[in-house]
Every structure is written in structure tokens, then in C-alpha cells.
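Colleague: I'd like a close look at the pockets in this model, and at the parts of the chain around them. Please take your time with it.

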Amino acid sequence: MASVDFMKALQFAAYKHSKQRRKDPDSTPYVNHLINVATILAEAGIKDEGVLIAAILHDVVEDTDTTIQEVEQLFGTDVSSLVLEVTDDKSLEKSERKRLQIVNARNTTKRAKLIKLADKLDNLRDLRKTTPCGWTEERRDQYFEWAKLVVDNLRGTNAIMEEKLDQIFAERSLV
Ligand code: NDP
Ligand code: ZN
């Protein structure tokens, strides 16, 4: 059964991301991605509540006006430290942020690695279905290649998610 804290995180994230849409041609509500990431983790056998709550909140600091302090006040240090670990530094150039995701993947905690794996799996599932509006096929291909480099540095964390990711990479001959 979902806890009160989990439901509060879902409510908070749905509110904070309410004006945002994903990049797919249907402009899916942003919150669908957050629900997908938490579902992927649950299906992979993850019962750690801090991880599941942080999964719901994983983009709230990066993509909304929410601060990490606000997350800490509302959900505690355990959750906020996980959210911080999966949040890119937006003051850096996009290309530098992408490079750092590859480099930093290895040094994150196992619990943050779980969220990163689930996040990449959901993004790649979306990209496998459709190309985001305004993206060329080349950009989509490059995203798969970059995601593989990140995932390669997250390995040894969860066999179920890694197998699903490997199937997607194999489909595109990325081995
Ligand atoms: P973005 O970082 O702009 O978009 C990818 C991110 O968008 C995902 O990581 C995901 O992040 C989020 N997202 C939202 N909707 C979707 C969806 N439907 N499917 C998948 N992800 C979605 O794109 P890039 O990865 O291409 O990064 C930009 C980089 O690409 C820059 O370095 C830039 O210089 C370069 N670039 C390359 C071009 C090219 O043609 N190759 C053209 C323009 C830029 P989350 O889960 O966090 O929401
Ligand atoms: Zn995400």
C-alpha cells in the first residue's frame, strides 16, 4: 500500500510540474514520466520508500522553481539528498552537464543509481516509440549512444532494469 509520504510527494510533483509537458508529439503531461519512473522501480523489486519518493521528485528541483531546501523541509534529508544526487547543475552548459552525467554516474550512491537507471529506461522507452518534436533522427540516435555511456557507469545495480535497458541498446546494435 502506498504511504502518506509517497502520496504527498506525488501530489507535490503533480502540482509543481502541472504546466509542463514531455517532448513527445502528444505532449504527455510531465507527471506521467514521474509515475513511470516510480513504477519501473517497483517492478524491479525496489521497496525502499526513500528511493520511490525521490523517484517521484527526481526532476522537481531541476525543472521547476522548487529548491532542494524546500524538498528537505517537506520530505526530510534522506529524500532531499537523493534528489540532489540526481539533479544536474543547471548553471553549467548543456554539453558539460551531459559529460558530467557520464563521469558522475560511477560515483553516485547505489540508491541514486537505481533512480538514474529507471529515468533512462523511461526516456529510452519514449524515444523508442516516437521522436520528440523538432528532433532529427540523428539527435535521437545520439541520445541512445549517450544514454548507453551513462548506463555503462551505473551497472551492477539492478539486474532487472539493466536487462531491459540492454534489450533496448541491442535493438539499436549498441553493445
Ligand atoms: P535534451 O536534454 O534537450 O532532452 C532530453 C531530455 O528531455 C531527457 O533526458 C528527458 O529528461 C527529457 N524528455 C522530455 N520528454 C522526453 C521524451 N519524450 N523522450 C525522452 N526524453 C524526454 O536533449 P539532448 O539529450 O539531445 O541534449 C541536448 C544536447 O544535444 C546538447 O548538448 C546540445 O548541444 C545537443 N544538441 C544536439 C542536436 C543534434 O541534432 N544532435 C541538436 C540540438 C542540440 P528528464 O527525464 O530529466 O526529463
Ligand atoms: Zn526524468
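Modeller: I'll start with the pockets, go on to the metal, and finish with a few other spots.

First, the ground rules: this is a predicted model, so local features need pLDDT of at least 70 and side-chain atom pairs pLDDT 80 or more, while totals for chains, interfaces and linings use all residues. Residues are numbered from 1 along each chain as written, chains are lettered from A and ligands numbered from 1 in written order, and side-chain values use heavy atoms, without hydrogens and water.

The largest pocket (an open set of points on a 1 Å grid over the protein atoms alone, where a 1.4 Å probe fits, with protein on both sides within 12 Å along at least five of seven lines) has a volume of about 940 Å³, counted as the space filled by probe spheres on points joined across faces, edges and corners. It is lined by 32 residues (an atom within 4 Å of a point), and Arg22, Lys23, Glu62, Asn123 and Tyr143 sit closest to its centre. Two or more lining residues come from each of helix 2 (30-43), helix 4 (60-63), helix 7 (94-105), helix 8 (110-129) and helix 9 (137-152); helices are DSSP runs of H or I, at least four residues, numbered from the N terminus. Helix 8 is the top contributor here, with seven residues. By class, the lining has 17 charged residues, eight nonpolar and seven polar (Asp, Glu, Lys and Arg are charged; Ala, Val, Leu, Ile, Met, Phe, Trp, Tyr, Cys and Pro nonpolar; the others polar, Gly among them).

The second largest pocket holds about 160 Å³ of space. Thirteen residues line it, and Glu85, Thr87, Asp88, Asn104 and Lys116 are the closest to its centre. Helix 6 (77-85) and helix 7 each give two or more residues to that lining, with helix 7 giving the most, four. The classes here come to five charged, four polar and four nonpolar.

Helix 7 turned up in both linings, so to speak of it a little further: it has 12 residues and spans 16 Å from first to last C-alpha, close to the expected 16 Å (1.5 Å times one less than its number of residues). Its buried residues (under 20% relative accessible area, with exposed over 50% and partly exposed in between, 1.4 Å probe, protein chains only) are Arg97, Gln101 and Ala105. Those three share one side of helix 7, because they cover an arc of only 55° around the axis, taken from the directions from the axis to the C-beta atoms.

Next, the zinc ion (ligand 2): its protein donors are His33 (NE2), His58 (NE2), Asp59 (OD) and Asp119 (OD), at 2.1 to 2.4 Å (N, O or S atoms within 2.8 Å of the metal, 3.2 Å for Na, K and Ca; water is not included, so a site may look incomplete). Along the chain, these donors are spaced as H-x24-H-D-x59-D. His33 in helix 2 and Asp119 in helix 8 are 86 residues apart, so the pair links distant parts of the chain. Both count as buried: His33 at 2% relative accessibility and Asp119 at 14%.

A few other spots remain. Ser27, in the loop between helix 1 and helix 2, has a positive phi near 50° though it isn't glycine, and is partly exposed at 34%. Ser173, in the segment after helix 10 (159-171), also has a positive phi, near 55°, and at 63% is exposed. Asp5 belongs to helix 1 (residues 4-16) and is partly exposed at 44%; its C-alpha is 7.6 Å from that of Ile53, 48 residues away along the chain.
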